Amino acid sequence: MTLIERVKKTHKSVFDMTDAPLSVLVEIAVDLANSLTNEDRFDRLLSAVRSAIPCDAVALLALREDVLVPLAAQGLSPDILGRRFKADEHPRFERLTQSRQPVRFASDCQLPDPYDGLLLATQGDLPVHACMGFPLYSDNRLIGLLTLDSLSAGVFDDISQKTLSILNALAAATLRSAELLNMLEYKASHAHEVALALALTQEALSGELIGESAAMAQLRREIRLVASSDFNVLVTGETGVGKELVARTLHQQSSRCNEPLVYVNCAAVPDALAESELFGHVRGAFTGANSDRMGKFMLADGGTLFLDEIGELSLAVQSKLLRALQSGEVQKVGRDKPEKVNVRVIAATNRDLAREVKAETFRADLYHRLSVYPIQVPPLRERDQDVLLLAGYFIAATRRKLGMEQIRLAPAVNEALLAYPWPGNVRELEHTISRAALRARSEQAGKRIVTILPEHCDLSVPPSSSTMLQSDHTVSAELASSHKPVNLKEETERFQRELIHRTLTEEQGNWAAAARALSLDRANLIRLAKRLGVHVERRHAVVRDKP
């Protein structure tokens, strides 16, 4: 049954229409039925709404658990699609979710509007004056909302009941069709049991992949493809791109989603305790072992073990990890008898393990065992407009944490966010938004709508970027004037040694401060410096040639 046929069947009594707005909606409904993608359907729906009912903004939101997720919007700030709204935190949304009929809010309604300050037509802090919402139901289940907003008071007061009924049915049918198409597409590409597991396990708000760029679409396809298997996965990417989030998503979309996901930060585990951390120990196995302890492999039995910063493990620990992966057995420190485990391993690193294998600092057999299916997480600078969606996501989270009513971005901030190279990737963006919100709140104390301005974000080009750019020009000039063969690995390590040495000298040998300056974890910096032959003596960095 097509979309228009379903609308006619469900709302036959209201299809005896003579007014123009209804005719427009029916024509658009036929057009919607022929649209090929959900994005196209949503956009056509919103355009139809604005054609039938003049308004400044319209948005379609899906209800997932108790969170409203914007699917499409017109007339609102572009970061709105990255925001998430808990219905019980927004009185107007809460009222809509508790209604079975369209709701027109009075112009003098005192309930705060979640879109205040976010309409593109807004001048200054002028709030929304007219607001109307439609609860969208499918089989007596609330699946989403359609909201209309205007800066003109009373603009929705004279809309006929027929128009409201058709509009409600049209929006509900569009959203329901999108849900059905998504489910069919998923079942066609994945095993039935995984699709069933995903239907029972909704993505947590804190574990959601935000982004609509081509790079993120490809990443999602890769995750869906491998999630239904039990293959080990190696997740690679720069610091701060969200490798941990990818690992959680892989687990949530797997048949093991109802079993534990156990996390191990390999960089934070000392070599002396790594074996106990992974495999456990018995009482008395070594000094300080006062009781039996289950290792992370046993805790993850039946589920997934996430080994973050896998490249930081020593060769000795790598050997024992390989044995566990090959045999599916672990042996506690101090016990002779091995124990069987059923664990899927997801590993992550920001290092080039293939190069580490060639340098013999990482075991080749373990590398191949871990990277049955490698996934590369794209850096933020390659994700087009995703930075605005992520900014909206972090703004919503920051608003809740700080107990603020509304936060918005000034148009100049959008431009600055898109222009900035984000060397620290998503993590840097999150921290930038948090700091900017604090600064804006301090300067605009007492305002309902706090606006983040460019000066609150401090988005200047990192000093290290200009330094490295100058260094690149110098290196290029040297190479151009020389006919000697160049060893890329040696030149890269030389640059790393000099940069670490210079940073440590500037920070007077303070490893923590140097790590922050280089956007690295302290333990990772120490290991890298040790491998490159950089040491600290009397609070100053010293470079020693590697033997």
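This passage looks at the enclosed spaces inside a predicted model. Four cavities of 30 Å³ or more are found in the structure, and the two described here are the largest and the second largest.

The largest cavity holds about 70 Å³ of space. Its lining can be followed along the chain: Arg83, Arg84, Phe85, Lys86, Glu89, His90 and Pro114 take part, together with Ala396, Arg399, Arg400, Glu405 and Gln406. Strand E3 (85-86) and helix H14 (386-402) are the elements that contribute two or more residues to this lining. Of the elements, helix H14 gives the most, with three residues. Sorted by class, the lining of the largest cavity has seven charged residues, three nonpolar ones and two polar ones. Readers who like to check such a tally can find Arg83, Lys86 and Glu89 among the lining residues, and each of these three counts as charged.

The second largest cavity has a volume of about 50 Å³. Around this space stand Arg92, Phe93, Leu96, Asp113, Pro114, Tyr115, Cys131, Met132, Gly133, Thr147 and Asp149. At least two lining residues come from each of three elements, namely helix H4 (91-97), strand E5 (130-138) and strand E6 (141-150). By class, six residues of this lining are nonpolar, three are charged and two are polar.

A helpful residue to look for in the structure is Pro114, which appears in the lining of the largest cavity and also in that of the second largest.

Terms used: Residues numbered from 1 in each chain as written. Predicted model: local features only at pLDDT ≥ 70, side-chain atom pairs only at ≥ 80, totals over all residues. Heavy atoms only, no water. 1 Å grid on protein atoms, 1.4 Å probe; cavity = no way out; pocket = protein on both sides within 12 Å on 5 of 7 lines; lining within 4 Å. Points joined across faces, edges and corners; volume = space filled by probe spheres on them. Helix = DSSP H or I, 4+ residues; strand = E, 2+ residues; numbered from the N terminus.
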